[in-house]
Amino acid sequence: MEFTVERADFLKELTLSQGVVERKTTIPILSNILLEASEDSLQMTATDLELGIRSKCSAKVKKGGSTTVPAKKLFDYVRQLEDNEIKCKATEAAGSSALQVSCGRSKVRMPGLAKENFPVLPEFPGKLAVLPPAILTQMIKRTAFAISSEESRYTLNAAMMILKPETMTMVATDGHRLAYVETDPVVAKEGYEGVGGELRVLVPKKAMTELQRLLTDNPSEGGIEFGKDDNHLFFRVGTRLLICRMLSGQFPNYEAVMPKANDKIATIEQTSLAAAVRRVSLFSDERSHAIRLHLDNDELKIVSSGSESGESEETMAISYAGGPLQIGFNWQYLLEFLAAADSEKVQMEFKDEQSAGQIRPASEEKLRYRYVVMPMRI
Amino acid sequence: MQDAPLSIHGFPRAIVHIDGDAFFASCEQARDPALQGKPVITGKERGIVASMSYEAKRRGVTRAMRLFEVRKICPDAILLPSDYETYSLLSKRFFTIVRRYTPDVEEYGIDECFADLTGLRRLLRMSYIDMAEKIKHELDTALGFTFSVGLGPNKVIAKIASKWKKPSGLTAIMARDIHLYLKELPIEKVWGIGPQTTAYLQKQGIQTALDFAHKDEAWVRQHLTKPHLEIWQELNGNSVLQLSTEEKTSYASIQKVKTFTPPSEDKEFVFSQLSKNIENATIKARRYRLAPSAFVVYLRTQDFRSAGMEVRLSHRTSIPNDLIASSRPAFDRIFRPGTFYRSTGVVLLDLENDETPQLNLFASPSKIIAMRELYEGVDEVRRKYGKHTLYLGSSFLANQFAQHLGERGDIPRRKETLLKGETGRKRLGIPMFLADIE
């Protein structure tokens with residue numbers, strides 16, 4: 001194998017692979033990236049067996065072929081190179097392969113492992129649906145933070161994605177709060193192509209993070225092609241393909257916990273609420289993160305008291321006529337929503353001090369966003 | 001170099017370590033003079049030696065030896081069931097006496113403590129060695145058995161000193177004499193150096209504590225952990241380990257283990273033993289307002305093999321019903337039919353304050369709140385009428401009989417004879433001495 005590649009192109013694709021390759025693994029080849037040169041392009045593949053990413057960049061290929069080299073080392077080296085043109089040449093001698101990389105006056109030889117040992121990733125099986133990138137980005141932003149990082153009875157380390165003919169939905173929960181976002185049917189006119197009937201799949205947390213990275217650096221204008229085989233999910237973003245192993249497991253019955261009769265409704269300006277919560281949070285109990293909201297007559301009072309740090313109180317004018325209510329929350333859960341909500345005003349809907357509260361943007365266009373959060377008992 | 005002192009000082013600080021000699025067996029002998037001079041062994045209810053008097057030790061009895069082996073090598077041994085009530089009462093007396101000299105006492109287990117005597121020479125008008133001697137004399141006479149006392153410039157050296165001569169020893173090691181002791185002390189005898197570290201150090205050519213003390217600080221930092229560095233510093237005569245004199249108010253984990261006799265293969269009986277341990281562990285957790293987010297259950301077979309499993313809870317809780325329900329699948333996986341089990345245990349993990357609980361979306365909050373209120377009531381009843389007045393049905397089989405049947409079920413003599421007003425569960429907080437008048 002021998003090829004020449006533009007440094008900027010090469011670096012961009014190598015960067016994307018860094019989130020996927022395993023740093024500490026018992027299977028050495030998983031720390032490697034697979035390089036395959038053919039015709040006029042270089043294909044790169046990285047995987048940790050749960051998640052894989054395959055991408056391409058154009059290259060002048062003198063001789064086709066393939067090899068695998070340590071992904072982190074290659075990335076660190078390419079990042080520091082100064083000239084534009086990078087030449088790579090694979091050498092094979094007595095069963096050991098190596099990659100020679102040269103760029104201007106810099107030159108390196110890296111030992112590699114043969115391609116035969118690299119896991120084979122499945123091919124894209126064809127698209128089932130097309131997802132508009134801007135909408136998908138927003139949906140991930142609004143839900144990914146609520147995915148639990150540990151698995152327990154009620155939670156999975158994944159969000160559920162529900163595709164329907166005209167709408168798509170994403171739900172994530174860690175048992176304490178739940179983020180739900182659904183597209184308005186109007187999105188179907190803006191590039192969303194759904195599936196016939198209904199398709200429910202679990203997207204692992206790591207896949208959500210990597211997908212978001214692919215979306216933020218997405219040069220192509222088109223939609224994201226979604227595909228699925230028996231064991232994998234596929235997201236094709238331009239020339240890049242994200243492959244993740246499908247999770248099995250029972251997603252909790254989220255429909256049952258979406259509040260239906262929360263009639264104490266407060267409308268609050270989002271940025272000033274976030275600022276107030278942030279100030280009060282400094283004086284909350286460091287372990288429980290509890291703060292208290294007092295609502296009464298168009299006024300919201302936010303109170304915290306930590307055993308050592310002191311007490312803090314904020315009052316703000318809001319629109320509220322639901323009668324006096326005191327309710328405790330983990331301030332982190334509130335702030336994470338407020339950071340994701342992106343709305344001038346938010347609406348908080350309560351029933352009583354021990355039932356789930358629902359928060360949502362006061363006005364909505366393309367997305368219907370609901371955040372359900374359980375109170376703390378205070 | 002071997003003969004050069006590690007320090008030029010005498011007692012820059014004065015720490016004593018005091019260790020009760022064969023504590024449990026000595027308590028028994030002190031309480032019943034008829035046992036003095038005889039091989040006395042405690043731990044009958046567990047079937048293994050918990051503690052043995054020096055008379056028994058001389059006959060070859062060792063800790064954790066099975067009782068049938070004891071009977072073979074020492075047929076006249078007097079086997080007694082453990083009487084923790086008496087031991088802890090005498091232990092309290094022990095600490096109280098030491099506190100007459102200094103408030104800085106660290107209770108390190110039931111039968112040993114560290115005390116800081118630094119700066120008391122002028123006040124008590126005596127040298128540190130005289131102080132140590134006086135404390136020892138007072139303990140020996142007041143409690144009726146002997147203590148081994150070590151005096152040193154820090155905790156590690158004090159601990160070495162108290163072990164130097166046992167039983168009833170008094171060893172004072174001045175900082176400038178440390179090297180004389182360390183050169184005779186194998187490295188594995190140093191407090192805090194375990195078998196793994198010993199093996200590693202021996203590979204580096206370190207055989208004695210002095211070899212270790214002579215190593216470079218840089219070498220110790222590079223090859224060992226912080227606790228080892230602290231030991232190294234103390235071996236060199238510096239005092240870095242503080243005494244923790246405060247009473248415990250919180251725990252990182254809580255463990256409850258109970259052996260039962262005879263061993264059982266009855267699945268439900270073994271589960272009810274586990275259930276009882278979970279109840280007891282959560283009682284303690286609630287007392288400190290803590291709740292775990294995970295716990296480990298384990299079973300031990302008749303031939304001392306253990307099997308355990310960690311269980312994660314869906315929410316932080318100290319309600320035994322939640323833990324017992326979640327433990328059942330784990331129990332079913334580790335329990336092997338046809339195997340006889342001798343004990344069960346539970347360890348509550350990741351304990352945190354539970355006063356403002358985060359409610360869960362998928363578990364009914366009113367039920368959580370109701371259970372908490374219910375257990376406030378249960379704890380109140382238990383405080384008033386005794387720990388086992390109320391217990392769960394799942395613990396029924398374990399509560400139906402005594403923990404140990406047969407000869408292991410012998411109860412301590414303190415519980416046989418009750419004073420007026422005492423019950424099987426509630427007795428006066430004084431050790432009862434049993435000298436019979438003939």
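Colleague: What makes strand 1 and strand 6 of chain B a pair?

Modeller: Five bridges join strand 1 (residues 15–20) of chain B to strand 6 (residues 112–116) of chain B, and the two run antiparallel. Strands pair if DSSP finds at least two bridges between them, so these two qualify. One point to look at is B:D19, which stands opposite B:E112 in strand 6 of chain B.

Colleague: What should I know about the model before going on?

Modeller: It is predicted: local features need pLDDT of at least 70, side-chain atom pairs count only at pLDDT 80 or more, and totals for chains, interfaces and linings use all residues. Residues are numbered from 1 along each chain as its sequence is written, chains are lettered from A and ligands numbered from 1 in the order in which they are written, and side-chain values use heavy atoms, leaving out hydrogens and water.

Colleague: Which sheet holds strand 1 of chain B, and why is strand 5 of chain B called an edge strand?

Modeller: An open sheet of five strands, in the order 5-6-1-7-8 (chain B), with mixed pairing. Strand 5 (105–107) and strand 8 of chain B each pair on one side only, and these are the edge strands. From one strand to the next the twist averages 15°. The strands and helices are DSSP runs (E, at least two residues, for strands; H or I, at least four, for helices), numbered from the N terminus.

Colleague: How do you know that helix 4 of chain B packs on the sheet?

Modeller: By its contacts, meaning heavy atoms within 4.5 Å. Helix 4 (residues 84–99) of chain B touches strand 1, strand 5, strand 6 and strand 7 (147–152) of chain B. Its direction makes about 10° with that of strand 6 of chain B. Angles run from 0 to 180 degrees between N-to-C directions, with axes as lines fitted to C-alpha atoms, for helices over the stretch in contact. Helix 6 (residues 128–143) of chain B lies across strand 1, strand 7 and strand 8 of chain B, at about 165° to strand 7 of chain B.

Colleague: What sheet does chain A offer, with strand 19 and strand 20 in it?

Modeller: An open sheet of four strands, order 20-19-18-22 (chain A), with antiparallel pairing. Strand 20 (310–317) and strand 22 (325–330) of chain A are its edges. The twist averages 20° from one strand to the next. Strand 19 (residues 299–306) of chain A pairs with strand 20 of chain A over eight bridges. Within that pairing, A:G306 stands opposite A:G310.

Colleague: Which helices lie against it, and at what angles?

Modeller: Helix 6 (residues 270–281) of chain A touches strand 18 (290–296), strand 19 and strand 20 of chain A, at about 170° to strand 20 of chain A. Helix 7 (residues 331–341) of chain A lies across strand 18 and strand 22 of chain A, at about 85° to strand 22 of chain A.

Colleague: Why is the pair B:E373 and A:R377 called a salt bridge?

Modeller: Their closest N and O atoms are 3.6 Å apart. The rule asks for a side-chain nitrogen of Lys or Arg within 4 Å of a carboxyl oxygen of Asp or Glu, so the pair counts. The rule finds one salt bridge across the interface of chain B and chain A. Over all chains, the structure holds 46.

Colleague: How many residues meet at that interface, and how much area is buried?

Modeller: 20 residues of chain B are in contact with 27 residues of chain A. The buried area is about 2,000 Å², of which carbon and sulfur atoms give 59%. Buried area is the accessible area (1.4 Å probe) that two parts lose on being put together, summed over both. B:Q358, B:L361 and B:F362 supply 39% of what chain B buries against chain A, more than any other three residues.

Colleague: What makes A:D48 and A:K206 a link between distant parts of the chain?

Modeller: The two residues are 158 residues apart. A:D48 sits in the loop between strand 3 and strand 4 of chain A, while A:K206 is in helix 4 (residues 205–216) of chain A. Their side chains meet in a salt bridge at 2.6 Å, N to O. In that loop, between strand 3 (41–47) and strand 4 (51–63) of chain A, lies A:L49 too. A:L49 has a positive phi of about 80°, although it is not a glycine.

Colleague: Where is B:P167, and what kind of peptide bond joins it to B:K166?

Modeller: B:P167 is in the loop between helix 7 (155–164) and strand 8 (170–172) of chain B. The bond is cis, with omega about -5°. The peptide bond from B:T261 to B:P262 is also cis, with omega near -5°. B:P262 lies in strand 9 (residues 254–264) of chain B.
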